[in-house]
Amino acid sequence: MSENIFKPQVNRLLAALPTSDYQRLVPHLKLVSLSLRQVIYESKEPIAYVYFPQHGVISLVTNMEDSSIMEVGIVSSEGMVGIPVILGENTTTTKAFVQVPGTAMQMDADVLKTELNQGGAIQKLLLRYVQAAYTELTQGCACNRFHTLEERLARWLLTLSDRLQSEDFPLTQEFLAQMLGVRRSGVTVAAKTLSRAGIIRYQRGHISILNRENLSATSCECYGVIQGEFARLLGY
């Protein structure tokens, strides 16, 4: 599916900066396309660039010794890919790659480090984003342990819908299985349950949300907790 199904967006972190701070970054920002399966950075390799997605989805995954993959986070227009750079590092144990094509503003990691070392609005905003992302990670761990597959799928679909500003998006069974940490057969069962209830339509790698109210009712409380922290810390 072409990314043009999504509404035009700007990255919300960049949009939240004071005008003077944003204008200082402009010469260092480059608009780039994000192609399906494009690797943003590899595990334990230097992070040369950070990305502020406008639309599309970048998945953060952990690879295990048995070659299994587990998604530990997603980033879209709400955030930035390259959190270790914010914390003064340039490597991480996760891999980042594109799951839904789109566009992003690319920036040299060393330039961002220089900006962060000066303190001010950019540093404060990005540190608040780190806290919001930390909440999403920790709440997600608890969610994976205590909530049903259908509840977790509903939460994740609501989150993706918010970030893409769309209720229709391309999602493969492989992507969903990685996101939920289950086998593809488990994804099929959970998606069919929501589909039979008239909440979503899932076919040929595409999902459409048909009834957002019922999807919200199906989701666990984790969606609201994470959404609330992003609103509190970042205003969106």
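Visitor: Before we look at Ser-77, what does contact mean here?

Guide: Contact means heavy atoms within 4.5 Å. This is a predicted model, in which local features need pLDDT of at least 70 and side-chain atom pairs count only at pLDDT 80 or more, while totals for chains, interfaces and linings use all residues. Residues are numbered from 1 along each chain as its sequence is written, and side-chain values use heavy atoms, with hydrogens and water left out.

Visitor: Which residues does Ser-77 touch?

Guide: Leaving aside residues up to four places away in sequence, Ser-77 touches Gln-9, Val-10, Asn-11, Arg-12, Leu-13, Pro-53, Gln-54 and Arg-163.

Visitor: Why is Ser-77 called buried?

Guide: Buried means under 20% relative accessible area, with exposed over 50% and partly exposed in between (1.4 Å probe, protein chains only); Ser-77 has 0% relative accessibility and therefore counts as buried.

Visitor: What makes β7 and β8 a pair?

Guide: Two strands pair if DSSP finds at least two bridges between them, and β7 and β8 (residues 206–209) have 4 bridges in the antiparallel sense. Strands (E, at least two residues) and helices (H or I, at least four) are DSSP runs numbered from the N terminus. Within β8, Ile-207 is the bridge partner of Tyr-202.

Visitor: How are the strands of this sheet ordered, and why do β6 and β7 stand at the edges?

Guide: The open sheet of 3 strands has the order β6-β8-β7, with antiparallel pairing. β6 (168–170) and β7 (200–203) each have a single partner strand, so one side of each is left without a neighbour in the sheet.
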